[in-house]
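Subject: Structure handover

Hello,

Here is the structure you asked for. My notes on what was found in it follow below.

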Amino acid sequence: MKIPSDWQPARNCLAKRVILITGAGKGIGAATAKSCAAHGATVILLDLDIRALEKIYDEIEQAGHPQPAIYPLNLEGATENDYQTLAETIDREFGRLDGLLHNAAMLGALIPILHFQNELWHKIIQTNLNAPVTLTRICLPLMIKTGKASIVFSSDACGRQGRAYWGAYAASKAGTESFMQVLADELEANTQVRVNSLDPGPVATSLRALAYPGENPASLPQPDDVTRQHLYLLVDDSQAYTGQQFTI
């Protein structure tokens, strides 16, 4: 499914909303966090890189947007208690959670399955699949209480059609797509929480550079170029959709 090409966000379409974004320190996560803040949201910036989070925090604050929050967390090593503490902190500080964008991801390396090391496989699956599943499950009661909330999983073409050498990354993205559909089906009847995935396509990010080191990043769309589409899935304009696989 395609994001409407002519859709443009209203100026304060996220006013008084609280949005949690993982991988918010750089790339698409950082760009989307700044866009959400510019449209009125209080953004919770989650990433392992504290210095990067502080930079995004300062940019949002200096622009005069709602004061964001920083939440440093290593998704690879986080426990269920860590996620529970996060959810309790959000509830205590804000009393609501209107949006959750699972943007953080680990590529690892492009390796034939025959040579894939078990330790690396588990790190990638933990970061890309287990972490967002657990974070979603623990934040879900708060989002149900909030009402019209949106969960968005950043996807990739290799998660919808497997490709050689993409190994654990592709498997994790395929698992994410399946989990998204399961969750959407469970929530559709009795809640106002919608769940979708979005494949932004090739974008000039550090993950893309790792996968394609010889590619000229200037030839690709930049993170700022895909924030409108992420915003669409977080605002009420997309409330009719759940369980859908979106592309740009």
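Strand 4 and strand 5 run parallel and are joined by four bridges. Leu-100 has Ile-151 in strand 5 as its bridge partner. Strands here are DSSP runs (E, at least two residues), as are helices (H or I, at least four residues), and both are numbered from the N terminus. Two strands count as paired if DSSP finds at least two bridges between them.

This is a predicted model, in which local features need pLDDT of at least 70 and side-chain atom pairs count only at pLDDT 80 or more, while totals for chains, interfaces and linings use all residues. Residues are numbered from 1 along each chain as its sequence is written, and side-chain values use heavy atoms, with hydrogens and water left out.

Is strand 5 (residues 150-154) mostly covered or mostly open? Five of its five residues are buried, meaning under 20% relative accessible area (exposed is over 50%, partly exposed in between; 1.4 Å probe, protein chains only). Ser-150, Val-152 and Ser-154 lie on one side of strand 5, and Ile-151 and Phe-153 on the other.

The wider sheet is open and has seven strands in the order 3-2-1-4-5-6-7, with parallel pairing. Its edge strands, strand 3 (69-72) and strand 7 (245-247), each pair on one side only. From one strand to the next the twist averages 20°. Strand 2 (residues 42-47) pairs with strand 3 over four bridges, in the parallel sense, and Leu-46 stands opposite Tyr-71 in strand 3.

Helix 1 (residues 27-38) packs on the sheet and touches strand 1 (18-22), strand 2 and strand 4 (99-102); contact means heavy atoms within 4.5 Å. The direction of helix 1 makes about 170° with that of strand 1 (axes are lines fitted to C-alpha atoms, for helices over the stretch in contact, and angles run from 0 to 180 degrees between N-to-C directions). Helix 3 (residues 80-93) lies across strand 1, strand 2 and strand 3, at about 170° to strand 3.

Last, the largest pocket. A pocket is an open set of points on a 1 Å grid over the protein atoms alone, where a 1.4 Å probe fits, with protein on both sides within 12 Å along at least five of seven lines; lining residues have an atom within 4 Å of a point. The largest pocket is lined by 40 residues, and among those nearest its centre are Asn-103 and Leu-207. Helix 7 supplies the largest share of this lining, five residues.

Regards
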